[in-house]
Amino acid sequence: MRGAEEKMRKTKIICIFSIICMTMFLQVGCGQKNDVPEDIAVQGSFVEFSYEELKDTAKIIAKIEVTGDLTTENSFEITDPETGTCGGFYGKRTCKVLEYYKDVTGNYTEELSFIEAAAIIKGQYLHIDGYDALQKGHQYIVYLNDDTASGDMSIMSCNNGVVRLDEKESNLQFPEIAAKTIEEAAAQ
């Protein structure tokens with residue numbers, strides 16, 4: 001009887017040890033890295049527009065809802081051909097247009113694509129210091145222009161050219177532009 005009890009005790013210890021090891025293995029994630037990219041804020045400079053300058057200079061002013069996440073697939077690195085070093089980055093985003101306030105292109109498409117100063121490259125979330133990438137499912141009013149090297153539409157001057165409708169505290173850098181933009185949009 002004693003041999004059976006000893007064998008049962010050893011079996012229980014092995015089972016408990018196996019459960020502990022399995023739990024630790026699952027918590028560690030099978031040795032895979034965390035999928036959250038490292039946040040890297042890059043110093044950058046841009047022209048700061050007044051509200052009137054934004055309105056006059058923008059080719060498109062629209063209320064949008066972002067339809068896709070910022071991913072490695074829609075993020076691009078600009079590499080210096082001489083040195084091979086990173087000379088810049090951008091994310092190419094898509095959105096559904098909810099309302100146009102201006103479109104000098106005359107296209108008035110239901111969907112737009114544009115670039116912004118944020119990207120996910122090599123496990124790093126790169127963005128201009130103080131700028132946060134637009135979030136899927138959130139609504140914004142954007143001021144877009146095609147004064148880019150590629151000719152693609154781009155958000156003008158980072159936070160200066162975007163009003164975050166779902167994240168009002170994010171408009172604190174340019175509160176007068178946010179207030180005038182929202183007021184004028186409501187009046188149309």
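**View 1. Packing of helix α3 in the predicted model.** The buried residues of α3 pack against four elements: α2 (51–57), β4 (86–103), β8 (139–145) and β10 (162–164). Those buried in α3 are Ile177, Ala178, Thr181 and Ala185. They lie on the same side of α3, because their arc around the axis is only 100 degrees. In an α-helix, residues three or four places apart point the same way, because there are 3.6 residues a turn. Exposed Glu183, Ala186 and Ala187 sit on the face of α3 turned away from its buried side.

**View 2. Length of helix α3 (residues 175–187).** The helix has 13 residues. At 1.5 Å a residue, α3 should span 18 Å. Its end C-alpha atoms are 18 Å apart, in agreement with that value.

**View 3. The open sheet β1-β7-β6.** Three strands make up this sheet, and their pairing is mixed. β1 (38–42) and β6 (118–121) each have a single partner strand, so one side of each lacks a neighbour in the sheet. From one strand to the next, the twist averages 20 degrees. Five bridges join β1 to strand β7 (residues 124–128) in the parallel sense. Asp39 has Tyr125 of β7 as its bridge partner.

**View 4. Surroundings of Lys63 in strand β2 (residues 60–66).** Lys63 is partly exposed, with a relative accessible area of 24%. Beyond its neighbours within four places in sequence, Lys63 contacts Lys96, Val97, Leu98, Glu99, Tyr101, Gln139, Tyr140, Ile141 and Leu165. Leu98 is 35 residues from Lys63 along the chain, yet their C-alpha atoms are separated by 5.4 Å.

How values were computed: Residues numbered from 1 in each chain as written. Predicted model: local features only at pLDDT ≥ 70, side-chain atom pairs only at ≥ 80, totals over all residues. Heavy atoms only, no water. Helix = DSSP H or I, 4+ residues; strand = E, 2+ residues; numbered from the N terminus. Buried < 20%, exposed > 50% of the residue type's maximum accessible area, 1.4 Å probe, protein only. Contact = heavy atoms within 4.5 Å. Pairing = 2+ DSSP bridges. Axes fitted to C-alpha atoms, helices over the stretch in contact; angles between N-to-C directions. Expected span 1.5 Å × (residues − 1). Arc of directions from axis to C-beta.
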